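Trainee: Could we walk through this structure together? I would like to learn how its strands and core fit together.

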Amino acid sequence: MNRHLALPLAVLLTTVGCGEDIAPDSDADLVVIAEDIDFDADTYEVTAGEIAIELFQRGAIRHTLLIEDNTGADLGIRLDVDARGSADTDTVVLEAGTYTLYCDVPGHLDAGMVATLSVNDPSQSP
């Protein structure tokens with residue numbers, strides 16, 4: 001092999017191997033993926049009722065997921081993940097409306113680790 005190609009090829013193979021994305025293997029109604037200081041989406045959508053929620057850790061630093069209703073009241077759900085590939089799940093009954101998902105690890109909310117959850121009324125589905 002040409003020695004000028006050997007190093008770039010080695011770097012490419014190392015990068016591909018280390019950059020491998022891991023994904024949740026879940027049947028939850030709502031899967032939120034945490035990576036770096038961010039969730040994988042700014043908005044999520046589910047149908048009202050009993051909802052299975054999973055927080056999945058794709059990154060390397062600890063994250064949590066809490067839910068507040070539109071008055072700012074905490075719904076008592078707190079998911080916590082700390083290791084790459086870890087997941088935490090829980091169920092909650094949600095009525096139609098808009099909720100806030102956020103991480104309460106110090107500094108994460110201030111850094112923008114927050115998302116909106118829209119819960120739709122099943123009778124309003126097309």
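Trainee: What is the strand order of the open sheet of 4 strands?

Mentor: This is a predicted model, where local features need pLDDT (the predictor's confidence in each residue, from 0 to 100) of at least 70, side-chain atom pairs count only at pLDDT 80 or more, and totals for chains, interfaces and linings use all residues. Residues are numbered from 1 along each chain as its sequence is written, and side-chain values use heavy atoms, leaving out hydrogens and water. Strands are DSSP runs (E, at least two residues) numbered from the N terminus, and two of them pair if DSSP finds at least two bridges between them. With mixed pairing, the order is β2-β1-β4-β7.

Trainee: Which strands are the edge strands?

Mentor: Look for strands that pair on one side only. These are β2 (38–39) and β7 (87–94).

Trainee: Which residue in β7 stands opposite Phe56?

Mentor: Strand β4 (residues 49–57) runs antiparallel to β7, joined by 8 bridges. Opposite Phe56 in β7 is Ala87.

Trainee: In the hairpin of β5 and β6, which residue takes a positive phi?

Mentor: β5 and β6 pair in the antiparallel sense over 5 bridges, and Leu65 stands opposite Leu79 in β6. The hairpin has 5 residues between the strands, and the one with a positive phi near 90° is Gly72.

Trainee: What is the mean pLDDT of the protein chain?

Mentor: Over residues 2–19 the pLDDT is below 50. Of the chain's residues, 83% reach 70 or more, and the mean is 86.

Key. Contact = heavy atoms within 4.5 Å.
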